[in-house]
Amino acid sequence: LLARRRLALGVQAQGQVEDVGGQLLYVNTATRWTWFAALGRTPVRSGLVQQGEGTAVVGGVPTRAVVQEQAVLRTVIHTATLGAQYPFSRTLRAELSLTGTHQRRTAEVERTILAGGRAFRDRARDVPLGTFQYATAASALVRDDAVFGATSPIRGTRWRLEAGQTLGELAHATLLADVRRYLHLRPVTLAVRGFHFGRYGANADAGPLAPLSLGDGVLVRGYRADGFTPADCTPDPTRPGVCPEQARLFGSRVAVASVELRLPLSGMRGVSLFGGGVPLELAPFADAGVAWTGRDGPVLAADRLLARESLGRVPVVSAGVAARLNLRAFVVELFWARPFQRAGDGMFGFNIAPGW
């Protein structure tokens with residue numbers, strides 16, 4: 001019974017409680033046609049930083065002031081999916097799915113006034129931006145012959161090609177290509193990944209749709225969209241009030257390339273460097289990605305790839321090291337990343353998820 005029907009729960013956490021997402025999945029494999037049902041919650045954060053000049057009253061005296069506004073746009077996506085899979089072999093299968101989506105958008109706006117050598121901060125306020133519902137039908141071809149270690153795949157190939165059509169007032173098409181290769185070089189594994197997801201069609205760039213973000217913790221690490229200040233932004237005379245370093249992380253289409261060198265320090269005997277103990281893996285990595293829209297394409301000029309102060313949708317690149325720990329119920333990834341197109345020497349982060 002357990003082999004034919006299984007229930008799985010996945011969780012991803014980043015930052016605040018509002019940014020916790022997860023999926024509850026039920027799979028029934030009693031026949032060759034496998035069917036599944038899933039409920040999911042996905043939080044997406046984006047942001048906007050603006051700065052201008054004005055006047056504030058300090059001690060009863062009108063004083064020249066600098067006004068900074070930071071808005072965190074939060075989209076919470078709830079999904080319900082019903083689908084089926086048909087295996088052609090042990091490693092190749094076709095998938096069909098129908099997903100209903102409810103999307104809620106809010107903005108958390110915080111204002112800081114700098115006047116007379118002092119900083120005055122208004123209490124952050126939440127502004128509702130509406131809710132939306134739509135349905136998506138998709139089909140996919142999937143190949144997976146990967147062999148998993150204790151915290152991530154260590155050998156084989158995984159790829160997924162998927163096309164979908166969203167129905168309703170926000171109708172658009174989606175394309176997904178996700179290819180991963182794992183070369184086991186005992187005891188290390190060289191893992192490489194190429195990923196593209198995009199929305200296409202008349203409504204692909206519609207405002208109500210949650211923007212795709214390179215700052216997702218499992219895409220390009222080190223580029224969380226929050227925490228930007230005007231000091232981190234290059235002034236763009238063509239788009240006053242827009243922070244190019246932040247805006248380039250979002251779009252209706254994204255492409256990502258990643259490479260990791262995975263070294264299992266402990267855990268599975270015969271696979272890890274030191275057999276036994278709590279499974280622990282170290283993984284130096286490099287991530288690169290670019291986001292764009294149908295109206296604003298990527299800028300791939302070589303002389304701008306590693307320039308932080310650069311306008312336009314240049315690719316973003318980061319490098320660092322990750323440590324993954326298998327705690328039986330879930331895998332925790334802690335990482336340090338140095339983002340080359342963002343101010344600062346580096347940042348720490350974490351994901352509750354196995355390695356890609």
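## A guided tour of the chain

Of the chain's 356 residues, 40% count as buried, where buried means under 20% relative accessible area, exposed means over 50% and partly exposed lies in between (1.4 Å probe, protein chains only). You are looking at a predicted model, in which local features need pLDDT of at least 70 and side-chain atom pairs count only at pLDDT 80 or more, while totals for chains, interfaces and linings use all residues. Residues are numbered from 1 along each chain as its sequence is written, and side-chain values use heavy atoms, with hydrogens and water left out.

**The whole chain**

Start with a cartoon view. The chain has one helix and 18 strands; these are DSSP runs numbered from the N terminus, with helices being H or I of at least four residues and strands E of at least two. Now think about contacts, meaning heavy atoms within 4.5 Å. Among contacts with a separation of 6 or more, 60% are between residues 24 or more positions apart. Switch to a surface and you will see about 18200 Å² exposed, with carbon and sulfur atoms supplying 62% of that area. Such areas come from the Shrake-Rupley method with a 1.4 Å probe, and for residues only the protein chains shown count as cover.

**Stop one: the nonpolar core**

Select F195, L214, V220, L249, V254, V256 and V316. In the largest nonpolar core, which has 17 residues, these touch the most other members. A nonpolar core here is a set of buried Ala, Val, Leu, Ile, Met, Phe, Trp, Tyr and Cys residues joined through side-chain atoms within 4.5 Å. In soluble globular proteins, nonpolar side chains tend to be buried together.

Centre the view on L249 next. Setting aside residues up to four places away in sequence, L249 touches L212, S213, L214, Y223, A225, F228, A291 and V316.

**Stop two: a patch and some rings**

Move out to F88, in the loop between β4 (61–87) and β5 (92–115). F88 counts as partly exposed because its relative accessibility is 48%. Add L141 and L161 to your selection: with F88 they make a nonpolar surface patch of about 270 Å². Patches are built from residues with over 30% relative accessible area and no salt bridge, joining nonpolar side chains (Val, Leu, Ile, Met, Phe, Trp, Tyr) within 5 Å and like charges within 9 Å.

F88 also belongs to a cluster in which ring pairs link it with W33 and Y86. Rings of Phe, Tyr and Trp (its six-membered ring) pair if their centres lie within 6.5 Å; planes under 30 degrees apart are stacked, over 60 edge-to-face, and the rest tilted.

How many aromatic pairs does the structure hold? There are four. One of them joins Y26 and W35, a tilted pair with 5.5 Å from centre to centre and 55° between the planes. Y26 is partly exposed at 26% relative accessibility, and W35 is partly exposed at 38%.

Now select Y182 and W356. Their ring centres are 6.5 Å apart and their planes lie at 35°, so this pair is tilted. Y182 sits in strand β10 (residues 172–185) and W356 in the segment after β18 (347–352), so the pair links distant parts of the chain, 174 residues apart. Both Y182 and W356 are buried.

**Stop three: salt bridges**

The whole structure has 15 salt bridges, each a side-chain nitrogen of Lys or Arg within 4 Å of a carboxyl oxygen of Asp or Glu. Show the side chains of E333 and R221, which meet in one at 3.4 Å, N to O. Because E333 lies in strand β17 (residues 331–339) and R221 in the loop between β12 (212–213) and α1 (244–247), the pair ties together parts 112 residues apart in sequence. Both E333 and R221 are buried.

Then pick R324 and E260, whose closest N and O atoms are 2.7 Å apart in their salt bridge. R324 is in strand β16 (residues 316–326) and E260 in strand β14 (residues 253–267), so this bridge ties together parts 64 residues apart in sequence. R324 is buried at 0% relative accessibility, and E260 is buried at 1%. Select R221, E260, R262, E281, D287, R324 and E333 together: salt bridges that share partners join them into one network.

**Last stop: G355**

Finish at G355, in the segment after β18. With 5% relative accessibility, G355 counts as buried. Which residues is G355 in contact with, leaving aside its neighbours within four places in sequence? They are T151, S152, P153, R262 and R324. Measure from G355 to A283 too: they are 72 residues apart in sequence and 9.5 Å apart in space, C-alpha to C-alpha.
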